Amino acid sequence: MKDKKINTLWTHLHWLSVLAQQGSYTAAAASLGVSKAAMSQRIAELERAAKVTLVQRTTRSLRLTEAGQRLVDDTRASFEQIEHSFSQVRDLADQPSGLVRVTTPVALARQQLVPLFVDFLKNHPDVRMELDMSDRLSALATEGFDLAIRHTPSPPDTHVAWALCQTETVLVATRAYLRRKGMPQSPWDLQAHNCLHYPRTHDTPAWTFEARDDTKGTERMTVPVAGNFAANNSEALREAALSGAGIALMPDFSAQAALRKGQLVTVLSEWKQLGGYADTIYAIRPYTAHVPRAVAALVDLLRKGLAKGFGV
């Protein structure tokens, strides 16, 4: 005979799957919007019903037993299907709604994306957004993100990607610095300057350039550079350049505002810098057969908002 009590345990099983994903009672409770005590009580009730220990706890760690892991593995696909089906039904509404979790690079979000996100939420009052600003590449599906905005030369083949706009790497400095040190006429002249760079390896930094002038053919040169300041954030490089510290290499979206105000000027604009930063900004989402209406609407707004790129 079918155990009628199992019908009362669907929520308990879901909470166990969330606990497995989050790795702690505190994080799982926060994810579900419940108390840690309620979380612990549900798991205890599930263990009593199953008559077997599902979670092994110590003062410092938590792990599922073999039985607990089997329950999570066997029910994961069902809960994913329920979530997918509910999302599709919710999208039958006239307006986008629900929570959209987005991850973006720090500098790009602060300088260009946040105003667009605010406009999006004003236009779609039933949508909530959770923004994670990080330069770390996230595993979108496992970390629960609906969308990633990434500055990358090649989005992963396992995901769906929309190109939002083109971007370019620029060399910038203040007029005061260039009056003091001189305006470079060739990439080789950079060896006499304090070059502010993004540290990508432990090797001596080198910048590669290609002539924009077609009359020069495909002339390309790689120049070793040196400087007293390096940072893995383009905003930090921009601030150092604004202080007159040297010539900085950065993406155009970081330099745009300062260039428009005349606080910085471009250097060696007749040369295209290669390999510094990617030349395309993408919106990337995990592959699913159905795109939530809120995600599609956000991508559409970003494509329109960034269509012109970041030229001055």
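**Rings, helices and a small set of strands**

Arg 42 lies over the face of Trp 15, at 4.5 Å from the ring centre. The model is predicted. This charge-over-ring contact leads straight to a helix pair. Trp 15 of H1 and Arg 42 of H3 are among the residues that make the contact between these two helices.

Helix H1 spans residues 10–22 and helix H3 residues 36–50. Their axes come within 9 Å and cross at roughly 115 degrees. The crossing of H1 past H3 is left-handed. From H1, the contact also includes Thr 11, His 12, Leu 13, Leu 16 and Leu 19. From H3 come Ala 38, Met 39, Ile 43, Glu 45 and Leu 46, alongside Arg 42.

A charge also sits over a ring at Phe 145. Here the charged end belongs to Arg 101, 4.5 Å from the ring centre.

Next, the ring-to-ring pairs. The structure holds 2 aromatic pairs. One joins Tyr 198 and Tyr 277: the ring centres are 5.9 Å apart and the planes stand at 90 degrees, so the pair is edge-to-face. The cut-off for that class is over 60 degrees. Tyr 198 lies in the loop between strand S8 (195–196) and strand S9 (206–211), and Tyr 277 in the loop between strand S13 (271–274) and strand S14 (280–286). The pair therefore ties together parts that are 79 residues apart in sequence. How buried or exposed are the two rings' residues? Tyr 198 counts as partly exposed, because its relative accessibility is 27%. Tyr 277, at 16%, is buried.

Phe 253 and Phe 310 also form an edge-to-face pair, 5.7 Å centre to centre with 70 degrees between the planes. Phe 253 lies in helix H9 (residues 252–260), whereas Phe 310 lies in the segment after helix H10 (293–305), so this pair links parts 57 residues apart in sequence. Both Phe 253 and Phe 310 are buried.

S9 and S13, met above as neighbours of the tyrosine loops, also belong to a sheet. Three strands form it, open, in the order S10-S9-S13, with antiparallel pairing. Which strands stand at the edges? They are S10 (220–224) and S13; each has a single partner strand, so one side of each is left without a neighbour in the sheet. From one strand to the next, the twist averages 35 degrees. S9 and S13 pair over 4 bridges, in the antiparallel sense. Along this pairing, Ala 211 stands opposite Trp 271 in S13.

Terms used: Residues are numbered from 1 along each chain as its sequence is written. This is a predicted model: local features need pLDDT of at least 70, side-chain atom pairs count only at pLDDT 80 or more; totals for chains, interfaces and linings use all residues. Side-chain values use heavy atoms; hydrogens and water are left out. Rings of Phe, Tyr and Trp (its six-membered ring) pair if their centres lie within 6.5 Å; planes under 30 degrees apart count as stacked, over 60 as edge-to-face and the rest as tilted. Buried means under 20% relative accessible area, exposed over 50%, partly exposed in between (1.4 Å probe, protein chains only). A charge sits over a ring if NZ of Lys or CZ of Arg is within 6 Å of the ring centre and within 35 degrees of the ring normal. Two strands pair if DSSP finds at least two bridges between them. Axes are lines fitted to C-alpha atoms, for helices over the stretch in contact, and angles run from 0 to 180 degrees between N-to-C directions. A crossing is left-handed if the near helix is turned anticlockwise from the far one by less than a right angle, and right-handed if clockwise. Contact means heavy atoms within 4.5 Å.
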